[in-house]
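Biologist: I'd like to go through this protein with you, starting with whatever sits inside it. Can you take me through the model step by step?

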Amino acid sequence: MIAGIDLGTTNSLIGVYESGFPTLLADPDGNRLTPSVVHYMADGSILVGREARRMQGLHPDRTISSVKRLIGGRFGDKGTEGLIGAKGSPVTLPIDGKKLTPEEVSSEILKRLKTIAEDRLGTQVNRAVITVPAYFNDAQRAATKKAGELAGFTVERILSEPTAAALAYGLDKLSDRSKVAVYDLGGGTFDLSILQLDNGVFEVLSTHGETRLGGDDLDEAIAELLARKAGIDSFTPGTDARLKEAAREAKERLSTEESLTLRLPFLTGGKSLEIPITRAEMEMVCEPIIRRTRAHCLRSLEDAGLNATDLDQIILVGGSTRMPLVRRLVQEIFGREPNLSQHPDEAVALGAILQGAILEGNLRNIALLDVTPLSLGIETFGGLMNVIIPRNTTIPAKAGEMFTNAVAGQSGMTITILQGEREMAADNWKLGSLDIPFPPSPKGAARVGVQFSLDADGILQVLARDTAAGTEKIMEIRSAVEVSDEAVEAMLAGSLEHAFEDMDARIFTEARLKAEEMLPAVEAALAQLGSELPGDEIAEIHKQTTEVTSALQAKETTRLKQALSTLDQATQTLATRLMERAMG
Ligand code: AMP
């Protein structure tokens with residue numbers, strides 16, 4: 001039996017496909033949502049879920065929530081402020097002098113879900129499909145998979161949340177080529193993905209979002225509002241946690257009530273507080289945060305080459321989309337009512353269960369396709385990005401290219417693996433590198449094949465092979481992305497912003513490489529055959545080589561290209577003579 005798991009920032013769910021239906025499983029108290037909170041007791045025992053959340057106010061230092069924001073991350077990323085560790089190294093969390101990894105903390109949540117399922121079903125549940133936000137990078141997907149394994153699961157698939165949600169909403173039954181926007185605002189992450197149904201198969205046309213935007217941010221803003229209204233200006237960590245808890249309660253209740261009064265006994269210095277709050281007041285502080293989703297929606301549409309009117313449906317995912325303010329804003333952005341037919345906070349889990357059933361062979365006719373959020377490639381001569389798998393390619397995907405040595409006598413090549421949308425390698429992210437040795441050979445004689453395979457979980461395997469000797473190196477990219485989550489966003493924005501400069505840099509580099517190859521070749525040819533050419537022709541060649549050199553020094557792209565083409569013309573006779581000589 002394959003369980004479906006929605007491993008959320010705030011809440012997690014588990015379920016299985018039972019007698020023809022996807023079924024979410026509840027704990028003995030009847031709760032299907034398990035808060036993604038882990039509490040480490042002084043005696044070494046571990047609490048997960050509601051019990052852990054209750055301890056948060058009392059022992060914030062022993063309680064970890066929103067660990068999904070840290071998974072696969074590194075010290076120095078946003079959200080790691082206050083955590084101590086060497087910048088750039090994988091995040092760990094200190095508990096009782098021990099260092100826990102986010103995977104280990106997540107695995108406690110997964111273990112709890114496993115127990116809930118096994119208790120309910122009376123049988124072992126060892127296989128799972130786990131969902132992640134659409135643009136989790138390699139490191140984050142691999143870390144999530146690892147967490148599943150630590151919890152004792154064989155992870156059959158890491159599935160993107162919007163694709164899961166689309167399945168849960170039954171959108172596979174729409175007519176062919178229907179287009180759907182999935183607006184997912186949960187506790188900690190936001191994404192907007194556009195899917196298209198193509199011959200019964202979901203394809204992700206585009207996805208944009210932020211992994212640090214959600215209900216947690218709303219809670220924080222509302223907590224500040226509550227503190228202002230109550231005139232509290234000095235905080236202890238305990239007060240802060242209790243205010244946030246109160247803020248969340250207010251927020252959730254205000255989705256259906258117009259106003260309420262929060263009672264906070266003994267909040268500060270033994271003082272009890274009563275704070276009245278209305279939906280309108282709350283919306284005032286939440287609106288700027290929720291409005292940030294708009295730009296992502298518009299960008300996703302633009303990426304997919306669509307107008308809002310081209311969409312057939314808008315579906316809502318994530319607990320925060322229960323807020324009337326969010327629904328109004330979604331309607332405003334897309335000019336149409338969102339589909340409210342599913343529980344927004346259960347849709348992803350239901351989809352994961354359905355995906356599990358498909359893998360088990362219990363459901364047919366639907367395949368799910370995911371896409372690469374950013375391009376993958378390697379660095380080539382002159383520091384250029386050479387894309388091997390472009391952004392928005394459907395995965396699993398496989399692609400390769402043949403490379404050769406740029407320098408004579410070179411005895412090996414370093415393959416630097418890159419992710420990103422910029423033209424110059426240095427502006428992209430380095431995922432790792434591989435050294436492939438080969439015997440020293442003349443320029444252009446070595447043959448190194450590089451193959452990228454992206455599996456269905458989005459984990460990248462790079463294979464480099466020296467085709468002459470058969471030497472082979474393989475690397476699996478699971479953890480080396482030294483960038484923060486919102487850098488994905490920044491990368492896309494950066495590639496738009498720098499499009500012109502980047503293109504210029506690429507054209508210049510290509511021209512420079514050509515110049516560097518041509519200048520010594522012309523010089524060598526002149527030394528060999530110069531005496532056979534008329535003086536004015538030699539003078540013209542010298543004039544043009546000087547022009548190429550000075551354009552190169554001045555870094556003037558257009559001038560360099562012009563000079564190279566003039567030099568090309570000026571050396572026509574020389575080249576012909578050289579060719580004749582070579583042919584004997
Ligand atoms: P998820 O990550 O999908 O579990 O969403 C959790 C987030 O949804 C948390 O920030 C919750 O406070 C929020 N949430 C759940 N129910 C409601 C509700 N009725 N109104 C507003 N927010 C809610």
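Modeller: Sure, and one term before we start: a polar contact is a pair of N or O atoms within 3.5 Å. Keep in mind that this is a predicted model.

Biologist: Good. Which side chain has a polar atom 2.6 Å from a nitrogen atom of the ligand?

Modeller: For a polar contact, the two N or O atoms have to be within 3.5 Å. At 2.6 Å from a nitrogen atom of the ligand, the polar side-chain atom in question meets that cut-off, and it belongs to Ser-255.

Biologist: And what about the ligand's oxygen atoms: which residue offers a polar backbone atom 2.9 Å from one?

Modeller: There are two contacts to tell apart here. Arg-248 uses an N or O atom of its side chain, 3.5 Å from an oxygen atom of the ligand. The backbone contact, at 2.9 Å, comes from Gly-319.

Biologist: How much of the ligand does the protein bury?

Modeller: The ligand has 14 residues around it, with Gly-187, Lys-251 and Glu-252 among the closest. It sits in the second largest pocket. Taken alone, the ligand exposes 500 Å², and the share of that buried by the protein is 88%.

Biologist: Now for the enclosed spaces. What is the volume of the largest cavity?

Modeller: Counting cavities of 30 Å³ or more gives four. The largest has a volume of about 100 Å³.

Biologist: Which domains does that largest cavity lie between?

Modeller: Its lining has 13 residues, and those closest to the centre include Asp-138, Thr-372 and Leu-454. By type, the lining splits into seven nonpolar, four polar and two charged residues. Two domains both contribute to that lining, so the cavity lies between domain 1 (2-162) and domain 3 (376-490).

Biologist: Last one: how far apart are the centres of domain 1 and domain 4?

Modeller: The domain assignment puts domain 1 at 2-162 and domain 4 at 500-582, with domain 2 (174-341) and domain 3 (376-490) also listed. Taken over C-alpha atoms, the centres of domain 1 and domain 4 are separated by 61 Å.

How values were computed:
Residues numbered from 1 in each chain as written. Predicted model: local features only at pLDDT ≥ 70, side-chain atom pairs only at ≥ 80, totals over all residues. Heavy atoms only, no water. 1 Å grid on protein atoms, 1.4 Å probe; cavity = no way out; pocket = protein on both sides within 12 Å on 5 of 7 lines; lining within 4 Å. Points joined across faces, edges and corners; volume = space filled by probe spheres on them. Nonpolar A, V, L, I, M, F, W, Y, C, P; charged D, E, K, R; others polar. Domains from an automatic or database assignment. Near = heavy atom within 4 Å. Polar contact = N/O pair within 3.5 Å; in protein donor to acceptor, adjacent residues only side chain to side chain. Areas by Shrake-Rupley, 256 points an atom, 1.4 Å probe, with all protein chains shown as cover. Sits in = over half its atoms within 2 Å of the grid points.
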